[in-house]
Amino acid sequence: MRSVALRLLHKERGLFAGALVIAAACVALGVPVDFVLFALTLAGVALFHHHTLQVALIGLAVIVLYKLGFTGFKTGPGLGGLGQHLLHEWVILTNLLGLLLGFALLSNHFEESKVPAVLPRYLPDDWKGGFVLLVMIFVLSSFLDNIAAALIGGSIAGTVFRGKVHIGYLAAIVAASNAGGSGSVVGDTTTTMMWIDGVDPLDVLEAFVAAGVAIFIFGIPAAMQQQRYSPIIKDAAAGVKVDWARVAIVAFILATAIAVNVVVNVKYSELSDRFPFIGVGVWLAILLAVPWRRPTWSLLPGAFKGSIFLLSLILCASLMPVEKLPTASWQTALGLGFVSAVFDNIPLTALALKQGGYDWGYLAYAVGFGGSMIWFGSSAGVALANMYPQAKSVGLWLKHGWHVAVAYVIGFFVLYAVLGWHPNAPHKTKPAAETPRANVYSAS
């Protein structure tokens with residue numbers, strides 16, 4: 001770790017010097033040092049995409065040391081405060097780790113089933129085939145976890161495009177998986193949080209107005225990019241046989257994840273922040289299926305490395321002193337989408353629920369879809385980047401995935417034009433003497 005840091009410092013000392021000058025100016029203007037350190041970490045990830053894990057871990061270490069030495073944590077000062085903070089966050093982190101590792105094996109099961117190899121028989125032979133695939137991912141993500149939808153889409157894309165997938169299309173796969181979950185209370189962590197907190201699922205459903213427009217805005221250009229880069233296979237290879245046992249295993253794992261998510265969040269919501277039920281449920285399903293078809297265990301070290309990167313950034317974000325958001329408005333909701341591209345959307349959603357006054361369909365769309373604009377802005381993006389390492393370049397993602405940001409803005413304003421901004425009334429009423437219950441986090 002130390003040698004990597006020294007090499008990066010020596011190679012890019014000009015960039016580091018410029019970043020430090022900007023950081024010093026931000027501190028002088030009153031920006032909390034915590035945010036400056038986090039911004040430097042994100043800048044490091046963007047600039048040094050071949051060393052993302054090392055940069056994220058170095059950033060996390062620096063932020064923790066700063067808070068230990070100077071500001072303390074929300075839960076208290078010193079190591080005790082750090083321990084209490086980790087105790088609060090461990091369920092989310094463990095759930096996400098279990099899902100990322102489990103869905104890496106699930107994706108491989110799906111690929112080995114040969115279903116992606118026979119799909120060219122059913123997909124159109126030109127750019128419309130790539131667009132139809134994005135729509136399929138969108139629909140899958142409305143009732144599956146967006147990580148699973150992105151990985152399944154990535155597996156299919158790798159087969160039908162001969163292993164050559166354009167970065168712009170990778171960005172569109174992530175965008176489709178996040179957009180599809182934005183209007184469904186079982187399709188994304190943030191919408192599930194809203195549901196648990198008492199938001200009416202019909203209020204969240206409004207996000208599909210924006211998401212349905214967005215998929216055309218980013219999906220058509222992305223499909224054309226991909227068709228020019230590597231055309232879709234016109235016909236399935238002869239003699240390909242589907243391994244229906246693996247298809248059944250994929251269905252079993254996904255059904256288990258959905259069942260655990262719904263049962264825990266609907267029947268036992270008060271327990272959902274005490275144990276990583278969903279991650280454990282997925283792994284129990286994987287292990288139960290081992291006698292039928294053995295997973296490719298060799299995939300786990302690479303998936304673990306990518307997972308630690310994402311968890312490091314999430315932990316960094318959770319340490320930021322974000323105690324409140326600006327006044328609830330459509331402008332704030334629009335801005336939260338851009339913030340979600342670099343900041344964990346779970347604490348943002350929790351703060352918005354606590355604050356109230358939002359039109360929940362707007363918030364669901366913003367925090368759900370906004371993370372698609374940068375590859376590490378959502379767990380689906382990180383999972384797909386583990387499958388396609390070339391995606392780990394913020395510059396290339398923004399350059400070739402420009403249509404995602406455009407789609408986000410256009411979709412947002414179409415929602416505004418169609419439905420207007422109607423802040424929802426408080427979805428629960430607490431007596432004055434009642435202690436507000438803690439926000440419940442769930443991972444999906």
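Trainee: What should the 15 residues of α7 span at 1.5 Å a residue, and how far apart are its end C-alpha atoms?

Mentor: The expected span is 21 Å, and the end C-alpha atoms sit 22 Å apart, which agrees. That expectation is 1.5 Å times one less than the number of residues in the helix. Keep in mind that this is a predicted model: local features need pLDDT of at least 70, side-chain atom pairs count only at pLDDT 80 or more, and totals for chains, interfaces and linings use all residues. Numbering runs from 1 along each chain as its sequence is written, and side-chain values use heavy atoms, with hydrogens and water left out.

Trainee: OK, and how many helices and strands does the chain have?

Mentor: 21 helices and zero strands. Both are DSSP runs numbered from the N terminus: H or I over at least four residues for a helix, E over at least two for a strand.

Trainee: Back to α7. Which of its residues are buried?

Mentor: Gly129, Gly130, Phe131, Leu133, Leu134, Ile137, Phe138 and Ser141. Buried means under 20% relative accessible area, exposed is over 50%, and partly exposed is in between, using a 1.4 Å probe and protein chains only. As background, an α-helix has 3.6 residues a turn, so residues three or four places apart point the same way.

Trainee: What do those buried residues pack against?

Mentor: Helices α8 (146-160), α9 (167-182) and α12. Across the chain, buried residues make up 54% of the 444 residues.

Trainee: Switching to rings: how many aromatic pairs turn up in the whole structure?

Mentor: A search finds 22. Rings of Phe, Tyr and Trp (its six-membered ring) pair if their centres lie within 6.5 Å; planes under 30 degrees apart are stacked, over 60 edge-to-face, and the rest tilted. One of the pairs is Phe131 with Phe216, tilted at 45° between the planes and 5.4 Å centre to centre. That pair links distant parts of the chain, with Phe131 in α7 (residues 127-141) and Phe216 in α12 (residues 207-229), 85 residues apart.

Trainee: Is Phe216 buried or partly exposed?

Mentor: Phe216 counts as partly exposed, because its relative accessibility is 47%. Phe131, at 12%, counts as buried. Another pair is Trp375 and Phe376, edge-to-face at 80° and 5.6 Å centre to centre. Trp375 is buried at 0% relative accessible area, and Phe376 is buried too, at 6%.

Trainee: Which residues have the most contacts inside the largest nonpolar core?

Mentor: Phe218, Phe369, Trp375 and Phe376, in a core of 133 residues. Helix α5 (residues 78-112) gives the most to this core, with twelve residues. A nonpolar core here is a set of buried Ala, Val, Leu, Ile, Met, Phe, Trp, Tyr and Cys residues joined through side-chain atoms within 4.5 Å.

Trainee: And what does Phe218 touch?

Mentor: Not counting residues up to four places away in sequence, Phe218 touches Ala172, Ala175, Ala176, Phe369, His403, Val404 and Ala407. A contact means heavy atoms within 4.5 Å. Phe218 also belongs to one aromatic cluster whose members include Trp330, Phe369, Tyr408 and Trp421.

Trainee: What about loops? Where is Leu144 found?

Mentor: In the loop between α7 and α8. Leu144 is buried, with a relative accessible area of 4%. Its C-alpha is 5.7 Å from that of Gly187, 43 residues away along the chain. Beyond neighbours within four places in sequence, Leu144 contacts Val186, Gly187, Leu254 and Ile258.

Trainee: Which loop holds Trp292?

Mentor: The one between α14 (277-288) and α15 (300-318). Trp292 contacts Ala245, Ala248 and Ile249, leaving aside neighbours within four places in sequence.

Trainee: What's the phi of Lys114?

Mentor: Near 75°, a positive value in a residue other than glycine. Lys114 lies in the loop between α5 and α6 (115-118). Arg162, in the loop between α8 and α9, has a positive phi of about 60° although it is not a glycine.

Trainee: Last one: what's the mean pLDDT of the chain?

Mentor: The mean is 84, and 89% of the residues reach 70 or more. Over residues 429-444 the pLDDT is below 50, and this stretch has 42 contacts in the model beyond near neighbours in sequence. pLDDT is the predictor's confidence in each residue, from 0 to 100.
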